[in-house]
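Hi there,

Here is the structure I promised to send over. Have a look at it first, and then read on for what turned up.

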Amino acid sequence: MEVLIYLVPLALSLGFLGLLGFLWSLKSGQYDDLDGAAWRAVADEEPDESTVPVQIVPTDQRICGSGRRREC
């Protein structure tokens, strides 16, 4: 029974921390757009190729079909 002296305040403090975390998430707008993420997850759109980054490699470092570094 003496352990309850430690467990009750610990449980109350953890519950209070959880409540503070939930209130912070409400204040910061975490729940503003509930449908947007769900629709983005099931959207069939392919990413636009113009948004894919392109790596520019100097001509002296290109690897040609034979696997050797030379000018193609």
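How many aromatic pairs does the count come to? The count comes to one aromatic pair. Please keep in mind that this is a predicted model.

The pair is made by Phe22 and Tyr31, whose ring centres are 6.1 Å apart. Their planes sit at 50°, and because that falls between the 30 and 60 degree cut-offs, the pair counts as tilted. Both partners have some access to solvent probes: Phe22 is partly exposed at 43% relative accessible area, and Tyr31 is partly exposed too, at 42%.

Tyr31 also turns up around Ser25. That serine lies in helix 1 and is buried, with a relative accessible area of 8%, which is under the 20% cut-off. If neighbours within four places in sequence are left aside, Ser25 is in contact with Gln30 and Tyr31.

Now for the helix itself. Helix 1 covers residues 4–27, which is 24 residues. At 1.5 Å a residue it should span 34 Å, and its end C-alpha atoms are indeed 34 Å apart, so the expected and computed spans agree. After helix 1 comes Gly29, which has a positive phi near 85°.

As for the chain as a whole, it has two helices and zero strands. Of its 72 residues, 4% are buried, and Ser25 is one of the buried residues. The chain exposes about 7200 Å², with carbon and sulfur atoms supplying 61% of that area.

Happy to talk it through whenever suits you.

Best wishes

Note on methods:
Residues are numbered from 1 along each chain as its sequence is written. This is a predicted model: local features need pLDDT of at least 70, side-chain atom pairs count only at pLDDT 80 or more; totals for chains, interfaces and linings use all residues. Side-chain values use heavy atoms; hydrogens and water are left out. Helices (H or I, at least four residues) and strands (E, at least two) are DSSP runs, numbered from the N terminus. Buried means under 20% relative accessible area, exposed over 50%, partly exposed in between (1.4 Å probe, protein chains only). Accessible areas come from the Shrake-Rupley method with a 1.4 Å probe; for residues, only the protein chains shown count as cover. The expected span of a helix is 1.5 Å times one less than its number of residues. Rings of Phe, Tyr and Trp (its six-membered ring) pair if their centres lie within 6.5 Å; planes under 30 degrees apart count as stacked, over 60 as edge-to-face and the rest as tilted. Contact means heavy atoms within 4.5 Å.
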